[in-house]
Amino acid sequence: SAMKKRLAPAALAVAAALLAGCGTTALPYAREMGDMALLRTMGVDAGEKEGDLRVTVSTGKRAAGLQGEGQPPLILSAEGGSLSSACLAMQGLSDSYVFYGHVDQLLLGEELSRRGILETLQYFSQDQELGMGTQVWIVRGGTAAEAISAEQERGVESRLSTIQTDSEMGMAGMTRTVGETLTSLMEDGSAYLPGLVPGGDGALLEAGYGVVKDGMLAGWLTG
């Protein structure tokens, strides 16, 4: 039927994306769509070991079972010598297949940002599952892992979506994508990224703009 013809390429595209993404070469075994952790938000921090990166990911609120009852977000965290090795380590932390194709929100910890963000941004631009349209924020005076965990009940992605919508309507500061940031860094040698801080109730609040020069956070603009 026409429906089947339309569905077949979509299924193939999903299969191809799964096989290609975030450092994986093949699935260990076939999995059901319902057994997938569809990630929405990724946070990257400096790791505990010198030169390491810690990656924290969140699925957003999940519907479970036939009734679709809301479950809290699945939050996973792994450390590695590179982003790809941390992403790969993530697969072993959950029974679900961890799928990066829906990630469109990136949080960068301040310490990582002071060390340099180019490696992270370039990884997003080169990985087949991640993309240049991903929105980027710097967590001012804190880590991305803390920011993602602080919003655990509601899910950090809903707060970031609200900030993004408010920005588009002119009710919040300007947001930036990976692509816009990389272009600014290549053409001008500098870029600005919106900052966020966890408020008293854990909700992320706007906190000025981080000025990135030569790929590293140089300071903050406020007011």
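S167 is part of helix α6, which spans residues 156-168; helices are DSSP runs of H or I with at least four residues, numbered from the N terminus. The model is predicted, so local features need pLDDT of at least 70 and side-chain atom pairs count only at pLDDT 80 or more, while totals for chains, interfaces and linings use all residues. Residues are numbered from 1 along each chain as its sequence is written, and side-chain values use heavy atoms, without hydrogens and water.

S167 has a relative accessible area of 16% and is therefore buried (buried means under 20%, exposed over 50%, partly exposed in between, with a 1.4 Å probe and protein chains only). Contact means heavy atoms within 4.5 Å. The table gives contacts of two residues, leaving out residues up to four places away in sequence.

| Residue | In contact with |
|---|---|
| S167 | A172, G173, M174, T175 |
| L106 | M42, V44, T120, L121, F124, T134, Q135, V136, W137, V178 |

L106 is also among the residues with the most contacts inside the largest nonpolar core, together with M42, Y100 and L108. This core has 35 residues, and α2 gives the most to it, with four residues. A nonpolar core is a set of buried Ala, Val, Leu, Ile, Met, Phe, Trp, Tyr and Cys residues joined through side-chain atoms within 4.5 Å. A second, separate core has 11 residues, including V139, I148, V156 and I163.

Helix α2 (residues 83-91) also meets helix α4 (residues 118-126): their axes come within 10 Å and cross at roughly 65°. Axes are lines fitted to C-alpha atoms, for helices over the stretch in contact, and angles run from 0 to 180 degrees between N-to-C directions. On the α2 side the residues are L83, S84 and C87, and on the α4 side E119, T120 and Y123.

Note on methods
Helix = DSSP H or I, 4+ residues; strand = E, 2+ residues; numbered from the N terminus.
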